[in-house]
Amino acid sequence: MANEFTNVDAEQLKHCWTQRRLSRDPLDLSGVWRYREILPFIDYRQHTPITLREGNTPLLEAPHAATYAGLERVEFKHQGYNPTASFKDNGMTVGVTKAAALGMKRVACVSTGNTSASMAAYAAAAGMQAIIFIPHGNIAYGKLAQALEYGAVTLQIKANFDQILSLVRQVAERLKIYLLNSINPFRIEGQKTIAVELLDQRAWKVPDWIVVPGGNLGNISALGKALRELRALGMIENCPRLVVVQAECSAPFEELFTRGIGALKPVEKPETLATAIRIGDPVSWPKALQEVTDSTGVVEKVTEQEIADAKAIIGRCGIGCEPASAATLAGIRRLVEKGTISKKEDVVAILTGHVLKDPDFVHGYHTTGLRAPNGEFINSRFGNKPVVMPNDVEEIEAFLRQSTR
Ligand SMILES: *Cc1c(COP(=O)(O)O)cnc(C)c1O
């Protein structure tokens, strides 16, 4: 990989990427394609990328969340600010662009979540047909709603995830449909730009730690690859330590990391309310293990209660995110408690999706109706219930005088 970059001057490239922020070219306005030098597999004279102005996501200070985790400060790189409100857009713009360059007219994936929402949007923008396969009776309505709105053909199949995956592979081959599942290498390439933009925003100051939630482990693989490439380019001198956080009952990667040897043992029935990381057999575990180990990073797991509380704290910062994203703050809190991360260290967490992706979770937590998959109620420690009041100025005044934050 480094060979493609041997003639590139690191300082020149940094300057070029900064200058592109002043441009009106749609490619320069994209927080993915602005960094196209690290996406060298598209012939830009022949093919115009399919962009919806993805990336360009903010790096946000969150003092209240830092205090909660026991840190002096923490920053959130919020990928929920993307066009379809998750980091999947960083990869999908590249995956769909590649499909278009190959002359494909149809793209497909198996997903009930953010992948299908993102694929549907980019396929629509490219004038392609999006085909989404979902397991029957296992539908996440919030995210599926986006896919329907963007015009994706949605097929509900009476079979489990693995059976559907094998079915989709056969159909894709017969009908020349391009598959955009999480092993698609171009999606991973696009997701590299999350790390690049993050460092660009920090004027190339490398944090001590970068923390991500882990499901299929594509995002951590992309992050590690990006950092290695930036180092090969001479754009950074050292790499941050990488942390993956999983939900307690969907944590095969944490189990493998703790065991320290052998292969990943899939979790038969993964469970968590953080549906984006409810994955029992993550495809990208070998790459992910390599990246975490090489960075002298760690893998942590957190409970449903910890995820829910961390999410409410992120909300109180005025930021908000979906449950999977909040696993990062919960994981940081544990690692500070254990002494793995120290109070003064420079920590960036990637918030992967928007708070409105899962409004049922939010409403449940704040009105004390949220149940964990094991049936137990989640304690709404930071709950914020609506208050029923009579139509009476005096009573409302009295209530508001005594309610101070
Ligand atoms: C896809 C997704 C994840 C998990 O990312 P992986 O690359 O599968 O590890 C986490 N959070 C959100 C919101 C997601 O959409």
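Visitor: Is the crossing of α4 and α5 left-handed or right-handed?
Guide: The crossing of α4 and α5 is right-handed. A clockwise turn of the near helix by less than a right angle earns that word. Keep in mind that this is a predicted model.

Visitor: At what angle do α4 and α5 pack, and how far apart are their axes?
Guide: Helix α4 covers residues 88-101, and it packs against α5 at about 40 degrees. The axes are 9 Å apart.

Visitor: What makes α4 oblique to α5?
Guide: The angle is about 40 degrees. Roughly parallel needs under 35 degrees, and roughly perpendicular runs from 65 to 115. The value falls in neither class, so α4 is oblique to α5.

Visitor: Which residues in α4 and α5 meet?
Guide: From α4 come Lys-88, Asp-89, Met-92, Thr-93 and Val-96. They meet residues of α5, including Asn-114, Ser-118, Tyr-122 and Ala-126.

Visitor: Why is α5 called roughly parallel to α6?
Guide: Helix α6 spans residues 141-149, and α5 packs against it at about 15 degrees. The limit for roughly parallel is under 35 degrees, so α5 meets it with α6. Their axes are 8 Å apart.

Visitor: Is the crossing of α5 and α6 left-handed or right-handed?
Guide: α5 passes α6 in a left-handed crossing. In the contact, Asn-114, Ser-116, Ala-117 and Ala-120 of α5 meet Lys-143, Gln-146 and Ala-147 of α6. Asn-114 also belongs to the α5 residues that meet α4.

Visitor: Which strands does α5 lie across?
Guide: Helix α5, residues 114-126, lies across β3 (106-110) and β4. It runs at about 165 degrees to β4.

Visitor: In what order do the strands of that sheet come, and how do they pair?
Guide: The order is β5-β4-β3-β6, an open sheet of 4 strands with parallel pairing.

Visitor: What makes β5 and β6 the edge strands?
Guide: Each pairs on one side only. β5 is 153-157 and β6 is 178-179.

Visitor: How do you know that β4 and β5 pair?
Guide: Count the bridges. At least two are needed. β4, residues 129-135, has 5 to β5, so the test is passed. Within this parallel pair, Ile-131 stands opposite Val-153 of β5.

Visitor: What is the strand order of the sheet with mixed pairing?
Guide: That open sheet has 6 strands, ordered β1-β2-β10-β7-β8-β9. Its edges are β1 (59-61) and β9 (298-302), each pairing on one side only. From one strand to the next, the twist averages 25 degrees.

Visitor: How do you know that β8 and β9 pair?
Guide: The requirement is at least two bridges. β8, residues 241-247, is joined to β9 by 5, and the two run parallel. Ala-247 stands opposite Val-302 in β9.

Visitor: Which helices lie across β9, and at what angles?
Guide: α12 (residues 304-316) runs at about 95 degrees to β9. α13 (residues 323-338) runs at about 110 degrees to β9. Among the other strands α12 lies across are β2 and β10. For α13, β7 (209-213) is one of the strands it lies across.

Visitor: Why are α9 and α11 called oblique to each other?
Guide: Helix α9 (218-232) and helix α11 (285-294) pack at about 50 degrees, with axes 8 Å apart. That angle is not under 35 and not within 65 to 115, so α9 and α11 are oblique. Their crossing is left-handed. Gly-224 and Arg-228 are among the α9 residues in the contact, with Ala-288 and Glu-291 among those of α11.

Visitor: What makes Arg-333 count as lying over the face of Tyr-68?
Guide: Distance is one test: the cut-off is within 6 Å of the ring centre. Arg-333 is at 4.2 Å from the ring centre of Tyr-68.

Visitor: How many aromatic pairs are there, and which rings form a cluster?
Guide: The whole structure holds 5 aromatic pairs. Ring pairs link Trp-17, Tyr-35 and Trp-204 into a cluster.

Technical notes: Residues numbered from 1 in each chain as written. Predicted model: local features only at pLDDT ≥ 70, side-chain atom pairs only at ≥ 80, totals over all residues. Heavy atoms only, no water. Contact = heavy atoms within 4.5 Å. Axes fitted to C-alpha atoms, helices over the stretch in contact; angles between N-to-C directions. Phe/Tyr/Trp six-rings, centres within 6.5 Å; stacked < 30°, edge-to-face > 60°. Lys NZ or Arg CZ within 6 Å of the ring centre and 35° of its normal. Parallel < 35°, antiparallel > 145°, perpendicular 65-115°, else oblique.
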